[in-house]
Amino acid sequence: MSNLEKSGSFNLGDRTVERLGYGAMQLAGKGVFGPPKDRAEAIAVLREAVESGVNHIDTSDFYGPHVTNEIIKEALHPYRNDLVIVTKVGATRGADASWNAAFSKEALTHAIQDNLRNLGLDVIEVVNLRSLFDVHGPAEGSLEEPLTVLADLQRQGLIRHIGLSNVTAKQVADSRKITEIVCVQNQYNIAHREDDTLIEQLAAEGTAYVPFFPLGGFSPLQSSTLSDVAAGLGATPMQVALAWLLQRAPNILLIPGTSSRVHLRENLAVADLALPADAIEKLDGIIFA
């Protein structure tokens, strides 16, 4: 058994992936815009991740834009048969690095074509539709039109499965009337737990939940309780935060990102970190202002 297998696996569409995956967002430049400072290191990170057993990579062609997908292709193509690459659409980047909604049929079709070309794929395993009714978090609004476009591209054989990102529970339910939803990707971590009920619902349905910003994103997690628990376990606070997510629910798939092989190894070592009951109780009780 490899270290990653200790953290378990879960279904993502009709594929089974290790629960510890990798998010490629940090392979782009500052603000997820432009090229990385060290392209050679970015390539080395990807190759080591896959060699270590990672078989779920999350990306998007609007990271860069185009940068992370081009690096993934350079580092890993031709891809291993067990590797599942998940991308997302629904946004574009402005010349000023702004994030702009892109829900039209033309924009979504163009985005799928860009992802296919830059990743070197004939079909994308999973495409998440990123909702941008509010850039700061999920907000209600109809996803019927863009989902209908993606469902048509799915019928054309360009997409195998469809997921959602930055969405509400109502949007998940409404979307399932249009097409099968195989995963939900929202912000969730030890400090940001608004999706507790949704996670439980998805777990009961066998649907994967993929938390983005599992370590706080642009505002790293800070908590004396988290630090104390980590010190007692001989781990880093970030490792404990990831381990907490793994024990939170069996359908949670982690995609911590990094542009450093050192940090990659720290993240993947979480597979060996078992949180005792008293540590979980302390972490569950954390209240963030």
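I started at Ala97, which is partly exposed, with a relative accessible area of 24%. I note here that this is a predicted model. The backbone at Ala97 caught my eye: phi is near 75°, a positive value in a residue other than glycine. I placed Ala97 in the loop between strand E6 (91–93) and strand E7 (99–101).

Next I looked up Asn166, another residue other than glycine with a positive phi, near 65°. Asn166 sits in the loop between E9 and helix H5 (169–175). Is Asn166 buried or exposed? I found 3% relative accessibility, so Asn166 counts as buried.

Then I turned to helix H3, residues 105–119. H3 has 15 residues and runs 21 Å from its first C-alpha to its last, close to the 21 Å expected at 1.5 Å a residue. I listed its buried residues: Leu108, Ala111, Ile112, Asp114, Asn115, Leu116, Asn118 and Leu119. What do the buried residues of H3 pack against? I noted two helices, H2 (67–76) and H4 (144–155), along with strands E5 (84–89), E8 (124–130) and E9 (159–165). Just after H3 comes Gly120, with a positive phi near 75°.

Last, I checked the prolines on either side of H2. Pro65 is in the loop between strand E4 (56–58) and H2, and the peptide bond from Gly64 to Pro65 is cis, with omega near -10°. Pro78 is in the loop between H2 and E5. The bond joining His77 and Pro78 is cis too, with omega about 0°.

Key: Residues numbered from 1 in each chain as written. Predicted model: local features only at pLDDT ≥ 70, side-chain atom pairs only at ≥ 80, totals over all residues. Heavy atoms only, no water. Helix = DSSP H or I, 4+ residues; strand = E, 2+ residues; numbered from the N terminus. Expected span 1.5 Å × (residues − 1). Buried < 20%, exposed > 50% of the residue type's maximum accessible area, 1.4 Å probe, protein only. Contact = heavy atoms within 4.5 Å.
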